[in-house]
Amino acid sequence: MSVERTTAVGGMETSYGFKRVRAGEKQSLVNDVFHKVANRYDLMNDLMSAGLHRLWKDAMVTWLNPPKRPGWSVLDVAGGTGDIAFRIVEASGRNAHATVLDINGSMLAVGRDRAEKKGLTANTDFVEANAEELPFTEATFDAYTIAFGIRNVPRIDVALAEAYRVLKPGGRFLCLEFSEVDMPLLDKVYEAWSFNAIPRIGKAVTGDGEPYSYLVESIRKFPNQQNFAAMISRAGFERASFRNYSGGIAALHSGWKL
């Protein structure tokens, strides 16, 4: 068991929270977590961020700035419930097309239902597949987005390479993820809230606190902002940068396929 953050060198592929697992074992464990929380996904993110995830997602879409013209496409990975995809489509004046990809069928079922209720079925499609092995040809999408999902991918370097492959030249990579708090007092408060309160609240609300314990631990294990930016650059992206939100509780990373 290790509570140290992984680095740009890697380590998330054998880390299930603070537990060390065998290579190839993590994915099924993560899948089980999201089968359990799929219908409570918004609640989960509200607990993890005190509701701020909604503002961070809006900021992500603002930075992406999808054009208001037909023919522009985005791949939203690990976005089964459609949270980011729907925002992008609406920001484009319902001109963009969003392909939502997730490895978890339960999450995708929630997203399909939401798309129908929002009248966005013509602008979205939903694909069950692995971020490490995208079922698309090279240079397919204008943008690739992933929000609060990449830390759950076992081989992050492989997922980043796949993101680069399916983007068109000039395409944009954006990743929103919980990160390392860079404010001395806030880091202590947030860590105490995360490890003590969130699993208990999750258990009280859903009857099972274990998925929330994993999610909190996975945040603590994920590479910090600088290390993740280095991984993005190593995958071939240019102009890798990031913006911190709420003192680094979350960070939005950007890269370009130039």
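Start by selecting helix α8, residues 210-221. This helix is mostly covered, with 9 of its 12 residues buried. Keep in mind as you look around that the model is predicted. To see the covered positions, colour P211, Y212, Y214, L215, V216, E217, S218, I219 and K221, the buried residues of α8. Now check the length of the helix: from the first C-alpha to the last, α8 reaches 17 Å, close to the 16 Å expected at 1.5 Å a residue.

Stay with α8 for one more stop, and show the side chains of R220 and E191. The two meet in a salt bridge, at 3.6 Å from N to O. This pair links distant parts of the chain, since R220 belongs to helix α8 while E191 sits in helix α7 (residues 184-206), 29 residues away. How covered are the two partners? R220 has 23% relative accessibility, so it counts as partly exposed. E191 is also partly exposed, because its value is 38% and the band for that label runs between 20% and 50%.

Next, move to helix α5, residues 105-118, and select D113 and K117. What joins them? A salt bridge does, with the closest N and O atoms 3.1 Å apart. Both residues lie in α5, 4 residues apart, or about one turn of the helix. Rotate the view with this in mind: an α-helix has 3.6 residues a turn, so residues three or four places apart point the same way. Surface colouring helps here too: K117 counts as exposed because its relative accessibility is 69%, whereas D113, with a relative accessible area of 35%, is partly exposed.

Now go to helix α4, residues 83-91, and pick out R87 and D83. Their side chains meet in a salt bridge of 3.9 Å, N to O. Here again the partners share one helix and are 4 residues apart, about one turn. Is each one buried or partly exposed? D83 is buried, because its relative accessibility is 14%, under the 20% cut-off. R87, at 22%, lies above that cut-off, so it counts as partly exposed.

For the last stop, widen the selection around this pair. Add K57, D58 and R114 to D83 and R87, and you have one network, joined by salt bridges that share partners. If you would like to keep exploring, there are others to look for: a search of the whole structure finds 13 salt bridges.

Key: Residues are numbered from 1 along each chain as its sequence is written. This is a predicted model: local features need pLDDT of at least 70, side-chain atom pairs count only at pLDDT 80 or more; totals for chains, interfaces and linings use all residues. Side-chain values use heavy atoms; hydrogens and water are left out. Helices (H or I, at least four residues) and strands (E, at least two) are DSSP runs, numbered from the N terminus. The expected span of a helix is 1.5 Å times one less than its number of residues. Buried means under 20% relative accessible area, exposed over 50%, partly exposed in between (1.4 Å probe, protein chains only). A salt bridge is a side-chain nitrogen of Lys or Arg within 4 Å of a carboxyl oxygen of Asp or Glu.
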